[in-house]
Amino acid sequence: MKDISKQDIENNINLVTRKDFDREVKAGDVLIGGDNLAVMAGPCTVESRGQILDIASAVKDAGANMLRGGIFKPLTFPYGDPLGQPDAGSGGSPRDRKEILSKKELFQHAKRRLGYLKEAGVKYGLPVVSEIVYADSMDMMDEFVDMFQIGYRHMFNMDLIEALSKTGKPVLIKRHYGESLRSLFGVAEHFEARGKHNFAFCERGVTVPHTHNVESRSILDIQAIPAMKEYAPTVPVIIDPSHSTFKRSYVMPMSRAAIAAGADGLLIEVHPRPESAWVDPLQAIGFKDFERLMKDIQKIREVII
Ligand code: PEP
Ligand code: MN
(Lines give C-alpha, C1' and ligand atoms only; values in the text may rest on other atoms or scores of the structure.)
(Ligands and ions follow the chains in the order given, each with its own letter.)
Protein backbone atom coordinates (compact mmCIF):
# COMPACT_ATOMS: atom_id res chain seq x y z
CA MET A 1 0.00 0.00 0.00
CA LYS A 2 1.43 3.36 -1.02
CA ASP A 3 1.87 6.29 1.29
CA ILE A 4 1.78 9.97 0.43
CA SER A 5 4.52 11.25 -1.85
CA LYS A 6 5.58 14.73 -2.84
CA GLN A 7 4.06 14.12 -6.28
CA ASP A 8 0.73 13.23 -4.67
CA ILE A 9 0.71 16.53 -2.80
CA GLU A 10 1.47 18.42 -5.99
CA ASN A 11 -0.85 16.57 -8.35
CA ASN A 12 -3.40 14.34 -6.64
CA ILE A 13 -4.30 15.87 -3.30
CA ASN A 14 -3.29 19.47 -3.78
CA LEU A 15 -6.61 20.91 -2.58
CA VAL A 16 -7.11 18.95 0.63
CA THR A 17 -3.49 19.54 1.68
CA ARG A 18 -3.60 23.33 1.28
CA LYS A 19 -2.02 24.95 4.30
CA ASP A 20 -3.73 28.31 4.26
CA PHE A 21 -7.34 27.66 3.41
CA ASP A 22 -10.18 29.07 5.41
CA ARG A 23 -12.13 25.88 5.97
CA GLU A 24 -15.20 26.15 8.15
CA VAL A 25 -16.75 22.87 9.29
CA LYS A 26 -19.89 23.61 11.23
CA ALA A 27 -22.71 21.28 12.30
CA GLY A 28 -25.68 23.40 13.30
CA ASP A 29 -24.03 26.01 15.51
CA VAL A 30 -21.12 23.79 16.58
CA LEU A 31 -17.77 24.58 15.06
CA ILE A 32 -15.69 21.47 14.41
CA GLY A 33 -11.96 22.12 14.55
CA GLY A 34 -10.02 25.19 15.61
CA ASP A 35 -10.21 25.79 19.33
CA ASN A 36 -13.47 23.98 19.76
CA LEU A 37 -13.55 20.36 20.83
CA ALA A 38 -16.44 18.48 19.20
CA VAL A 39 -17.76 15.63 21.32
CA MET A 40 -20.34 13.61 19.39
CA ALA A 41 -21.86 11.15 21.82
CA GLY A 42 -24.81 8.80 21.63
CA PRO A 43 -25.94 5.28 20.84
CA CYS A 44 -24.78 3.02 18.06
CA THR A 45 -28.45 2.74 17.11
CA VAL A 46 -31.47 4.88 17.87
CA GLU A 47 -33.62 2.21 19.53
CA SER A 48 -36.62 4.24 20.66
CA ARG A 49 -37.77 7.80 21.30
CA GLY A 50 -37.29 7.38 25.06
CA GLN A 51 -33.80 5.96 24.66
CA ILE A 52 -32.48 8.79 22.52
CA LEU A 53 -34.10 11.47 24.69
CA ASP A 54 -32.49 9.95 27.84
CA ILE A 55 -29.10 9.75 26.18
CA ALA A 56 -29.28 13.27 24.78
CA SER A 57 -30.12 14.65 28.22
CA ALA A 58 -27.26 12.74 29.91
CA VAL A 59 -24.56 13.54 27.36
CA LYS A 60 -25.58 17.20 27.25
CA ASP A 61 -25.33 17.44 31.05
CA ALA A 62 -21.90 15.85 30.92
CA GLY A 63 -20.69 18.39 28.34
CA ALA A 64 -21.08 16.80 24.89
CA ASN A 65 -21.92 19.28 22.15
CA MET A 66 -23.25 16.91 19.48
CA LEU A 67 -25.50 13.85 19.44
CA ARG A 68 -24.62 10.79 17.39
CA GLY A 69 -27.22 8.17 16.54
CA GLY A 70 -27.14 5.39 13.99
CA ILE A 71 -30.30 4.78 11.93
CA PHE A 72 -29.15 3.03 8.79
CA LYS A 73 -26.75 0.29 9.83
CA PRO A 74 -24.64 -1.25 7.08
CA LEU A 75 -24.67 -4.93 7.98
CA THR A 76 -22.08 -7.56 7.30
CA PHE A 77 -24.74 -10.25 6.74
CA PRO A 78 -28.12 -9.87 5.03
CA TYR A 79 -30.40 -11.38 7.69
CA GLY A 80 -30.15 -8.78 10.41
CA ASP A 81 -32.17 -5.63 10.28
CA PRO A 82 -30.38 -2.74 8.58
CA LEU A 83 -31.84 -0.43 11.21
CA GLY A 84 -30.23 -2.48 13.98
CA GLN A 85 -33.61 -3.45 15.42
CA PRO A 86 -34.30 -7.14 16.01
CA ASP A 87 -38.02 -6.88 15.27
CA ALA A 88 -38.64 -3.88 13.04
CA GLY A 89 -40.76 -5.89 10.62
CA SER A 90 -43.99 -7.66 11.49
CA GLY A 91 -44.06 -11.32 12.45
CA GLY A 92 -40.86 -11.60 14.46
CA SER A 93 -37.27 -10.93 13.77
CA PRO A 94 -36.14 -10.54 10.14
CA ARG A 95 -33.11 -12.55 11.22
CA ASP A 96 -35.35 -15.52 12.16
CA ARG A 97 -37.43 -15.18 9.02
CA LYS A 98 -34.33 -14.84 6.85
CA GLU A 99 -36.17 -12.03 5.12
CA ILE A 100 -35.00 -8.60 4.25
CA LEU A 101 -37.03 -5.44 4.63
CA SER A 102 -38.08 -3.79 1.39
CA LYS A 103 -36.39 -0.46 0.80
CA LYS A 104 -39.73 1.28 1.19
CA GLU A 105 -40.29 -0.30 4.63
CA LEU A 106 -36.73 0.45 5.60
CA PHE A 107 -37.05 4.13 4.70
CA GLN A 108 -40.36 4.39 6.57
CA HIS A 109 -38.81 3.02 9.78
CA ALA A 110 -35.74 5.16 9.27
CA LYS A 111 -37.78 8.33 8.88
CA ARG A 112 -39.56 7.71 12.16
CA ARG A 113 -36.29 7.20 13.98
CA LEU A 114 -34.64 10.17 12.32
CA GLY A 115 -37.53 12.15 13.78
CA TYR A 116 -36.66 10.88 17.29
CA LEU A 117 -33.01 11.75 16.79
CA LYS A 118 -33.77 15.25 15.63
CA GLU A 119 -36.33 15.81 18.38
CA ALA A 120 -33.73 14.84 21.00
CA GLY A 121 -31.09 17.02 19.34
CA VAL A 122 -33.35 20.05 19.21
CA LYS A 123 -34.64 19.56 22.76
CA TYR A 124 -31.11 19.48 24.22
CA GLY A 125 -29.43 21.85 21.78
CA LEU A 126 -27.21 19.16 20.22
CA PRO A 127 -26.68 19.08 16.44
CA VAL A 128 -26.97 15.49 15.22
CA VAL A 129 -24.74 13.27 13.11
CA SER A 130 -25.89 10.04 11.49
CA GLU A 131 -24.57 7.64 8.88
CA ILE A 132 -25.85 7.67 5.32
CA VAL A 133 -25.87 4.31 3.52
CA TYR A 134 -28.17 4.90 0.53
CA ALA A 135 -27.49 7.91 -1.70
CA ASP A 136 -31.22 8.21 -2.44
CA SER A 137 -31.97 8.69 1.27
CA MET A 138 -30.06 11.97 1.30
CA ASP A 139 -33.00 14.29 0.76
CA MET A 140 -34.97 12.54 3.49
CA MET A 141 -32.02 12.59 5.91
CA ASP A 142 -31.22 16.21 5.10
CA GLU A 143 -34.41 17.27 6.90
CA PHE A 144 -33.23 15.67 10.13
CA VAL A 145 -29.44 15.63 10.43
CA ASP A 146 -26.87 18.38 10.87
CA MET A 147 -23.92 16.27 9.71
CA PHE A 148 -23.67 13.18 7.50
CA GLN A 149 -21.34 10.33 8.35
CA ILE A 150 -19.75 8.11 5.71
CA GLY A 151 -19.02 4.75 7.35
CA TYR A 152 -15.77 2.96 6.72
CA ARG A 153 -17.45 0.51 4.34
CA HIS A 154 -18.55 3.38 2.10
CA MET A 155 -15.40 5.43 2.06
CA PHE A 156 -15.08 5.15 -1.75
CA ASN A 157 -18.77 5.17 -2.62
CA MET A 158 -19.02 7.59 -5.52
CA ASP A 159 -22.82 7.77 -5.33
CA LEU A 160 -22.54 9.03 -1.78
CA ILE A 161 -19.73 11.44 -2.68
CA GLU A 162 -21.81 12.83 -5.56
CA ALA A 163 -24.94 13.16 -3.45
CA LEU A 164 -23.23 14.68 -0.43
CA SER A 165 -21.38 17.21 -2.58
CA LYS A 166 -24.79 18.79 -3.15
CA THR A 167 -25.73 19.37 0.48
CA GLY A 168 -24.46 22.28 2.52
CA LYS A 169 -24.23 20.02 5.58
CA PRO A 170 -20.79 18.85 6.69
CA VAL A 171 -19.57 15.28 6.18
CA LEU A 172 -17.61 13.05 8.55
CA ILE A 173 -15.48 10.69 6.45
CA LYS A 174 -14.40 7.51 8.21
CA ARG A 175 -11.18 5.85 7.13
CA HIS A 176 -11.52 2.16 6.34
CA TYR A 177 -9.42 -0.02 8.68
CA GLY A 178 -7.29 -1.23 5.79
CA GLU A 179 -6.85 2.02 3.90
CA SER A 180 -3.97 4.49 3.89
CA LEU A 181 -4.16 8.19 4.57
CA ARG A 182 -3.34 8.57 0.89
CA SER A 183 -6.66 6.89 0.00
CA LEU A 184 -8.59 8.87 2.60
CA PHE A 185 -7.16 12.11 1.26
CA GLY A 186 -8.15 10.94 -2.22
CA VAL A 187 -11.77 10.71 -1.06
CA ALA A 188 -11.48 14.19 0.44
CA GLU A 189 -10.03 15.46 -2.83
CA HIS A 190 -13.09 14.09 -4.66
CA PHE A 191 -15.18 16.36 -2.44
CA GLU A 192 -12.84 19.32 -2.86
CA ALA A 193 -12.86 18.94 -6.65
CA ARG A 194 -16.66 19.12 -6.52
CA GLY A 195 -16.53 22.33 -4.53
CA LYS A 196 -17.35 20.78 -1.17
CA HIS A 197 -14.97 21.77 1.59
CA ASN A 198 -16.81 21.21 4.84
CA PHE A 199 -15.75 17.74 5.89
CA ALA A 200 -13.81 16.20 8.75
CA PHE A 201 -11.83 12.97 8.99
CA CYS A 202 -12.70 10.20 11.38
CA GLU A 203 -10.12 7.66 12.49
CA ARG A 204 -11.68 4.37 13.59
CA GLY A 205 -8.81 1.94 13.85
CA VAL A 206 -6.60 -0.11 11.58
CA THR A 207 -6.07 -3.82 11.07
CA VAL A 208 -2.93 -5.19 12.70
CA PRO A 209 -1.81 -8.77 13.43
CA HIS A 210 -2.64 -8.51 17.14
CA THR A 211 -5.15 -6.47 19.11
CA HIS A 212 -4.25 -7.86 22.58
CA ASN A 213 -7.55 -9.59 23.30
CA VAL A 214 -10.02 -11.81 21.46
CA GLU A 215 -12.87 -9.31 21.40
CA SER A 216 -11.32 -6.28 19.79
CA ARG A 217 -11.02 -6.08 16.02
CA SER A 218 -8.61 -3.30 15.27
CA ILE A 219 -6.29 -0.82 16.91
CA LEU A 220 -6.63 2.92 17.20
CA ASP A 221 -4.04 4.58 15.03
CA ILE A 222 -3.04 7.47 17.28
CA GLN A 223 -0.19 8.32 14.92
CA ALA A 224 -2.76 9.19 12.26
CA ILE A 225 -3.60 12.34 14.25
CA PRO A 226 -0.25 14.14 13.86
CA ALA A 227 0.12 12.70 10.35
CA MET A 228 -3.25 14.07 9.20
CA LYS A 229 -2.50 17.40 10.88
CA GLU A 230 0.82 17.63 9.13
CA TYR A 231 -0.54 16.89 5.65
CA ALA A 232 -3.92 18.56 5.87
CA PRO A 233 -3.81 21.05 8.74
CA THR A 234 -7.16 22.66 7.91
CA VAL A 235 -9.21 19.43 8.14
CA PRO A 236 -10.56 18.54 11.60
CA VAL A 237 -9.72 15.08 12.94
CA ILE A 238 -12.29 13.18 14.96
CA ILE A 239 -11.38 9.99 16.78
CA ASP A 240 -13.81 7.11 17.20
CA PRO A 241 -12.50 5.18 20.22
CA SER A 242 -15.58 2.92 20.22
CA HIS A 243 -15.33 1.18 16.83
CA SER A 244 -11.54 1.19 16.85
CA THR A 245 -11.12 -0.63 20.15
CA PHE A 246 -14.41 -2.51 20.17
CA LYS A 247 -13.84 -3.00 23.87
CA ARG A 248 -15.43 -0.96 26.65
CA SER A 249 -12.46 -0.90 29.02
CA TYR A 250 -10.23 0.54 26.28
CA VAL A 251 -12.55 3.37 25.28
CA MET A 252 -11.78 5.89 28.03
CA PRO A 253 -7.97 5.54 27.98
CA MET A 254 -7.92 5.79 24.17
CA SER A 255 -10.19 8.84 24.25
CA ARG A 256 -7.83 10.57 26.66
CA ALA A 257 -4.85 9.62 24.49
CA ALA A 258 -6.58 10.98 21.38
CA ILE A 259 -7.22 14.34 22.99
CA ALA A 260 -3.66 14.50 24.27
CA ALA A 261 -2.42 13.76 20.73
CA GLY A 262 -4.33 16.72 19.33
CA ALA A 263 -7.64 15.32 18.05
CA ASP A 264 -10.37 17.88 17.35
CA GLY A 265 -13.07 15.70 18.82
CA LEU A 266 -14.53 12.30 19.59
CA LEU A 267 -17.30 10.17 18.16
CA ILE A 268 -18.20 7.95 21.05
CA GLU A 269 -20.92 5.40 21.79
CA VAL A 270 -22.84 6.02 24.99
CA HIS A 271 -25.79 3.95 26.17
CA PRO A 272 -27.82 3.87 29.42
CA ARG A 273 -27.35 0.08 29.69
CA PRO A 274 -24.31 -0.58 27.51
CA GLU A 275 -24.36 -4.36 27.82
CA SER A 276 -27.90 -4.52 26.42
CA ALA A 277 -27.40 -2.12 23.50
CA TRP A 278 -28.96 -3.57 20.34
CA VAL A 279 -25.79 -3.06 18.39
CA ASP A 280 -22.20 -2.97 19.66
CA PRO A 281 -22.92 -3.82 23.33
CA LEU A 282 -19.25 -4.61 24.02
CA GLN A 283 -17.98 -1.11 23.43
CA ALA A 284 -20.62 1.42 24.51
CA ILE A 285 -19.89 3.23 27.76
CA GLY A 286 -22.47 4.22 30.39
CA PHE A 287 -23.46 7.68 31.59
CA LYS A 288 -21.19 7.74 34.65
CA ASP A 289 -18.12 6.77 32.64
CA PHE A 290 -18.95 9.38 30.03
CA GLU A 291 -19.32 12.06 32.68
CA ARG A 292 -15.95 11.10 34.12
CA LEU A 293 -14.36 11.08 30.69
CA MET A 294 -15.59 14.59 29.92
CA LYS A 295 -13.98 15.85 33.12
CA ASP A 296 -10.68 14.12 32.26
CA ILE A 297 -10.75 15.59 28.78
CA GLN A 298 -11.19 19.12 30.07
CA LYS A 299 -8.10 18.69 32.23
CA ILE A 300 -6.06 17.31 29.34
CA ARG A 301 -7.12 20.18 27.10
CA GLU A 302 -5.98 22.70 29.68
CA VAL A 303 -2.53 21.15 29.63
CA ILE A 304 -2.07 20.88 25.87
CA ILE A 305 -3.64 24.11 24.57
C1 PEP B 1 -20.97 3.82 13.44
O2 PEP B 1 -20.33 4.85 13.71
O3 PEP B 1 -22.07 3.59 13.90
C4 PEP B 1 -20.39 2.82 12.54
C5 PEP B 1 -21.07 1.75 12.16
O6 PEP B 1 -19.15 3.11 12.17
P7 PEP B 1 -18.09 2.32 11.26
O8 PEP B 1 -18.43 2.65 9.85
O9 PEP B 1 -16.80 2.92 11.71
O10 PEP B 1 -18.20 0.86 11.61
MN1 MN C 1 -21.56 1.02 16.60
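How are the donor residues of the manganese ion (ligand 2) spaced in sequence? They follow the pattern C-x198-H-x25-E-x10-D. The structure is a predicted model. Two topics are covered below: the barrel and the manganese site.

**The barrel**

- Eight strands close into a barrel, and their pairing is parallel.
- The order of the strands around the barrel is S3-S4-S5-S6-S7-S8-S9-S10.
- On average, neighbouring strands of this sheet are turned by 25° against each other, with direction ignored.
- In general, the strands of a sheet pair through backbone hydrogen bonds, in either a parallel or an antiparallel way.
- One parallel pair consists of strand S3 (residues 38-42) and strand S4 (residues 66-68), joined over two bridges.
- Met40 has Met66 in S4 as its bridge partner.
- Helix H4 (residues 103-124) packs on the sheet, where it touches S4 and strand S5 (128-131).
- The direction of helix H4 makes about 160° with that of S4.

**The manganese site**

- Four protein residues supply donors to the manganese ion (ligand 2): Cys44 through SG, His243 through NE2, Glu269 through OE and Asp280 through OD.
- These donors lie 2.0 to 2.3 Å from the manganese ion.
- His243 and Asp280 link distant parts of the chain, being 37 residues apart.
- His243 is in helix H9 (residues 241-245), while Asp280 is in the loop between strand S10 (265-269) and helix H11 (287-304).

**Burial of two donor residues**

- Buried means under 20% relative accessible area.
- His243 has 12% relative accessibility, so His243 counts as buried.
- Asp280 also counts as buried, because its relative accessibility is 14%.

Definitions and conventions
Residues are numbered from 1 along each chain as its sequence is written. Chains are lettered from A and ligands numbered from 1 in the order in which they are written. This is a predicted model: local features need pLDDT of at least 70, side-chain atom pairs count only at pLDDT 80 or more; totals for chains, interfaces and linings use all residues. Side-chain values use heavy atoms; hydrogens and water are left out. Two strands pair if DSSP finds at least two bridges between them. Helices (H or I, at least four residues) and strands (E, at least two) are DSSP runs, numbered from the N terminus. Axes are lines fitted to C-alpha atoms, for helices over the stretch in contact, and angles run from 0 to 180 degrees between N-to-C directions. Contact means heavy atoms within 4.5 Å. Donors are N, O and S atoms within 2.8 Å of the metal (3.2 Å for Na, K and Ca); water is not among the atoms, so sites may look incomplete. Buried means under 20% relative accessible area, exposed over 50%, partly exposed in between (1.4 Å probe, protein chains only).
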